[in-house]
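Here are some short exercises to work through with the model open beside you. Try each task on your own before reading the solution under it.

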Amino acid sequence: MSGRDLRPIGVFTALAFGLAWLFALPLWFGDGLASPWFTPVATATMMTPAIAALIVVFFVERPQQKAWTLGLWPLRPVRRLLVYSALGIFVSIALVLVALPVGALLGVYPADFTNFSAFQQALDEQADTAGAAQIPIPIGALIALQIALLPLAAFINLIPALGEELGWRGWLLPKLMPLGTLPALLVSGVIWGLWHAPLILLGYNYPDAPGWLGLTAMVAMCVLIGAVFGWLRLRSGSVWPAALAHAAFNGAGGTHLLFAAAGEHVDTTQATVLGWSGWIVPLALVVVLIATGQFASARHPSTPPSKEGRLPAHPATGQVTRE
């Protein structure tokens, strides 16, 4: 990579990390994750990669096709975009859910797939607190309804998820592609994972682990899940499938509470998609994608001809597209 490539990458990374730490300062100097400001701070922090990418695109690189450079445009071919968007939503949900039986089989996730006792206990406690009667719906039906509604989370959470994906997969991954596909996925995944440090070091996602272990686990997960999101970005030529996948992934993240056994502790360094047992299936998926050439044969959307009548090279591959 040339210095011309490294300069915007350095500016982007410094801005994304610096803004994330800046936004998290109220938590560090306040009540940490218990702060009433946690939710707005976390949501604002998710927007920092997008802010960094927009600053670099508009003030550092200044390409003619700004929306295309970020993966926001064009929204065609429509069929391909819809297919990979749907894949992003359902694959993300599947990766979160399948981590639970895998963890149970390995003895690290205390599951209750029959009585859903932890969820039932939570419902009973809520009813007692509110002084209300028990919900007259079978617990199994409530679980099924929760799972059925998970795809909607992809659209409810889309804006904050796009705040991250516009930076990580929309702009950064294509900029790293001169390194080669696999190194680009690895580097972007590591950067994405380390960017979470302001919240992870406060105990977010890994409340029982020391900071170094929580951050290491987060980096490992981000490399694997980021490779799946990167596949969606490269195959579709658009950031939207990756953003929907990220939104669905976040929306499904709490499902381990539905299937846990009451009174049992869940160690997220070992169980759920955050822990090592939850990385087995994503790793297998990434290996299959690599083995079947899904990254090497990635296709990309067409772009308007240049003034000379030639099609510009796609930022993710450096190759001219003629679709």
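**Exercise 1. Decide whether Lys 175 is buried, partly exposed or exposed, then trace its salt bridges.**

Solution. Keep in mind that this is a predicted model.

Step 1. Lys 175 has a relative accessibility of 16%. Buried means under 20%, so Lys 175 counts as buried.

Step 2. Look for acidic partners. One is Glu 61, whose side chain meets that of Lys 175 in a salt bridge at 2.7 Å, N to O. This pair links distant parts of the chain, with Lys 175 in helix H9 (residues 158–176) and Glu 61 in helix H3 (residues 48–61), 114 residues apart. At 25% relative accessibility, Glu 61 is partly exposed.

Step 3. Asp 5 also forms a salt bridge with Lys 175, and here the closest N and O atoms are 4.0 Å apart. Asp 5 sits in helix H1, 170 residues from Lys 175.

Step 4. Put the pieces together: Asp 5, Glu 61 and Lys 175 are linked in a network of salt bridges.

**Exercise 2. The whole structure holds three salt bridges; find the one between Arg 169 and Glu 165 and describe its setting.**

Solution. Step 1. The closest N and O atoms of Arg 169 and Glu 165 are 2.6 Å apart.

Step 2. Both residues lie in helix H9, four residues apart, which is about one turn of the helix.

Step 3. Check the surroundings: Arg 169 and Glu 165 are both buried.

**Exercise 3. Which residues touch the most other members of the largest nonpolar core, and which helix gives the core its largest share?**

Solution. Step 1. The core has 63 residues, and those touching the most other members are Phe 12, Trp 168, Trp 171, Leu 172, Met 221 and Ile 225.

Step 2. Helix H12 (residues 211–236) contributes the largest share, 13 residues.

Step 3. Take Met 221 as an example. Leaving out residues up to four places away in sequence, Met 221 touches Gly 226, Phe 249, Val 273, Leu 274 and Trp 279.

Step 4. Now look beyond this core. Another core of 15 residues lies apart from it, and includes Ile 143, Phe 259, Ala 260 and Ala 271.

**Exercise 4. Locate the nonpolar surface patch that includes Leu 22, then see what Leu 202 touches.**

Solution. Step 1. The patch is formed by Trp 21, Leu 22, Leu 25, Trp 28, Phe 29 and Leu 201, with about 600 Å² of accessible area together.

Step 2. Leu 22 lies in helix H1 (residues 3–28) and is partly exposed, with a relative accessible area of 48%.

Step 3. Move to Leu 202, in the loop between H11 and H12. Leu 202 is partly exposed at 24% relative accessibility. Beyond residues up to four places away in sequence, Leu 202 touches Leu 27, Trp 28, Gly 32 and Leu 33.

Step 4. Compare sequence and space: Leu 202 and Leu 33 are 169 residues apart along the chain, with their C-alpha atoms separated by 6.8 Å.

**Exercise 5. Where do the cis peptide bonds at Pro 74 and Pro 77 lie, and which residues pair a positive phi with not being a glycine?**

Solution. Step 1. Recall the background: most residues other than glycine have a negative phi, and most peptide bonds are trans.

Step 2. A cis bond joins Trp 73 and Pro 74, with omega about 0°. Another joins Arg 76 and Pro 77, with omega about -5°. Pro 74 is in the loop between helix H4 (66–69) and H5, and Pro 77 is in the loop between H4 and H5.

Step 3. Phe 116 has a positive phi of about 50°; it lies in the loop between H5 and helix H6 (117–130) and is buried at 12%. Asn 205 has a positive phi of about 75°; it is found in the loop between helix H11 (197–200) and H12 and is partly exposed at 22%.

**Exercise 6. Compare the UniProt annotations with the model over residues 149–251 and 212–232.**

Solution. Step 1. The unreviewed UniProt entry places the domain "CAAX prenyl protease 2/Lysostaphin resistance protein A-like" at residues 149–251. In the model that span is 81% helix and 0% strand, with its end C-alpha atoms 10 Å apart.

Step 2. The UniProt entry lists residues 212–232 among its transmembrane regions. This span is 100% helix, and its end C-alpha atoms lie 30 Å apart.

Conventions. Residues numbered from 1 in each chain as written. Predicted model: local features only at pLDDT ≥ 70, side-chain atom pairs only at ≥ 80, totals over all residues. Heavy atoms only, no water. UniProt positions renumbered as here; feature names shortened; annotations may be inferred. Helix = DSSP H or I, 4+ residues; strand = E, 2+ residues; numbered from the N terminus. Patch = residues over 30% accessible without salt bridge, like charges linked within 9 Å, V, L, I, M, F, W, Y side chains within 5 Å. Areas by Shrake-Rupley, 256 points an atom, 1.4 Å probe, with all protein chains shown as cover. Buried < 20%, exposed > 50% of the residue type's maximum accessible area, 1.4 Å probe, protein only. Core = buried A, V, L, I, M, F, W, Y, C linked by side-chain atoms within 4.5 Å. Contact = heavy atoms within 4.5 Å.
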